[in-house]
Amino acid sequence: MGSLRAKWGNYPQTAHYTIDHLKKHQTVDYKPVFKNLLVALTILIFGAGVGPEAALLSSIVMLSIWQADKIRYLFFNQEVFSALNPFERVTHMLHPTKYLVMYNPTIAPTDKNFVSTKKAMNLFFFINGLVSFTLLMKLTKQPSFISKMGDSMWHLNDLWLFIPLIILGLLSGELYNLFKNKMSQWLNFWPNNPIKKALLGSITIFIVGTFFPNLLFSGQVALGSVPKKYVHFSILILLFIVIVKLIFLQICLNTGWIGGDIFPIVFAAIIQGFAISKLFPSFDVIFIVATVATSMAVTILNSPIGVAIFMALFFPVQISPIIAATALLLKFTKEYIQKKTARE
């Protein structure tokens, strides 16, 4: 892993980096896409405590831009392309580095009919992607990444805990954010020696794999066993699992074992919710877990709407209003504090 980083540089690129570059420049460099995938695959194989979704999404964006450049070539070279024989057409379409036209705002058509057609095509591509993904998942019999955390029978009496639970989740998230900043400072060494740094991460992976094998990888697969297995653990054991998972995540991210943090954080937040539910045995467990997990994840990831949608996938539909209310309350509270601070 360290050798790959020493040879190729800071790979894999995360989705955040690639999408941010796309927004700024309307294009990305897709030449290193296979380097990106190879490094991401290596990280996944070794069991690092990060999610593969960040690197995979980054690679999908790169390949999508490559496809867009191919379509642009066809659009601006229709007559030349039509004059080619079938073999030459296939060669032009499949050539990885030639016959590409990058985005250029000065030559982009502005005709209203064209813009309308482009919007319709984008919608078609979006629907086509969802349908293709669903079909491929079913045809290859891939397991769903969504695991329900259990049934809920929450009542109005549970709302007495709503604000206190949000505060507990908020404090847990802020505590993690402080820890994350400290970890980045503590592990800010060997900047020019990625092999040593990756070795430190690999030792951590070995230790976690030896003593806590269920905490390897992102936590996506382990989420399925949470309602059956982890729910029976004591509050101290559950809190210990949360701490180990988040420390493992930060060591991986700061030693070159780069990946997504969404699934590890959601996994830890849900476990934290189950831990806190032990303090209130007379209240609905899933109500407590959903409120705490959403509050904690929103505080860490700083994306209320996205987190609410993602969290809703793991809980029964009757708990969705609680998840939405938690995310929106945190969102509006933060905006209010920011506006008040700015006025002062």
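Lys and Arg count as positive here, and Asp and Glu as negative; His and the chain ends are not counted. On that basis the protein has 29 positive and 14 negative charges. The mean positions of these two sets are 6 Å apart. The model is predicted.

**Overall build**

What kinds of secondary structure does the protein have, helices or strands? It has 14 helices and 0 strands. Read along the sequence, the pattern is therefore one α after another, from the first element to the last. The C-alpha atoms fill a box of roughly 75 × 55 × 50 Å, taken along the principal axes.

The protein has 344 residues, and buried ones make up 38% of them. About 20,000 Å² is exposed. Carbon and sulfur atoms supply 68% of that area.

How far apart in sequence are the residues that touch? Take the contacts between residues at least 6 apart in sequence. Of these, 79% join residues at least 24 apart.

**Aromatic rings**

The structure holds 9 aromatic pairs. One of them joins Phe-75 and Phe-76, whose ring centres are 5.1 Å apart. Their planes stand at 90 degrees, so the pair is edge-to-face. The cut-off for that label is over 60 degrees. Phe-75 has 36% relative accessibility, so it counts as partly exposed. Phe-76, at 35%, is partly exposed too.

Which residues form one aromatic cluster? They are Phe-211, Phe-212 and Phe-240. Another ring, that of Phe-267, has a charge over it. The charged end of Lys-245 sits there, 5.6 Å from the ring centre.

**Two residues in helices**

Thr-42 lies in helix H3, which covers residues 33-45. Is Thr-42 buried or exposed? Its relative accessible area is 15%, so Thr-42 is buried. The cut-off for buried is under 20%. Thr-42 and Lys-98 are 56 residues apart along the chain. Their C-alpha atoms are separated by 29 Å.

Ser-277 belongs to helix H11, residues 262-277. Its relative accessibility is 7%, so Ser-277 counts as buried. Which residues does Ser-277 contact, leaving aside its neighbours within four places in sequence? They are Val-285 and Ile-288.

**Two residues in loops**

Most residues other than glycine have a negative phi. Tyr-99 has a positive phi of about 60 degrees, although it is not a glycine. Asn-302 also has a positive phi, of about 55 degrees, and is not a glycine either.

Where do these two residues sit? Tyr-99 is in the loop between helix H6 (86-94) and helix H7 (112-139). Asn-302 is in the loop between helix H12 (285-301) and helix H13 (304-312). Tyr-99 has a relative accessible area of 29%, so it is partly exposed. Asn-302 has 47%, and it is partly exposed as well.

**Accessibility side by side**

The table gathers the values for several residues named above.

| Residue | Relative accessible area | Class |
|---|---|---|
| Ser-277 | 7% | buried |
| Thr-42 | 15% | buried |
| Tyr-99 | 29% | partly exposed |
| Phe-76 | 35% | partly exposed |
| Phe-75 | 36% | partly exposed |
| Asn-302 | 47% | partly exposed |

Why do Thr-42 and Tyr-99 fall into separate classes? Buried means under 20%, and partly exposed runs from there up to 50%. Thr-42, at 15%, is therefore buried, whereas Tyr-99, at 29%, is partly exposed.

Technical notes. Residues are numbered from 1 along each chain as its sequence is written. This is a predicted model: local features need pLDDT of at least 70, side-chain atom pairs count only at pLDDT 80 or more; totals for chains, interfaces and linings use all residues. Side-chain values use heavy atoms; hydrogens and water are left out. Rings of Phe, Tyr and Trp (its six-membered ring) pair if their centres lie within 6.5 Å; planes under 30 degrees apart count as stacked, over 60 as edge-to-face and the rest as tilted. Buried means under 20% relative accessible area, exposed over 50%, partly exposed in between (1.4 Å probe, protein chains only). A charge sits over a ring if NZ of Lys or CZ of Arg is within 6 Å of the ring centre and within 35 degrees of the ring normal. Helices (H or I, at least four residues) and strands (E, at least two) are DSSP runs, numbered from the N terminus. Contact means heavy atoms within 4.5 Å. Accessible areas come from the Shrake-Rupley method with a 1.4 Å probe; for residues, only the protein chains shown count as cover. The place of a charge is taken as NZ of Lys, CZ of Arg, CG of Asp or CD of Glu.
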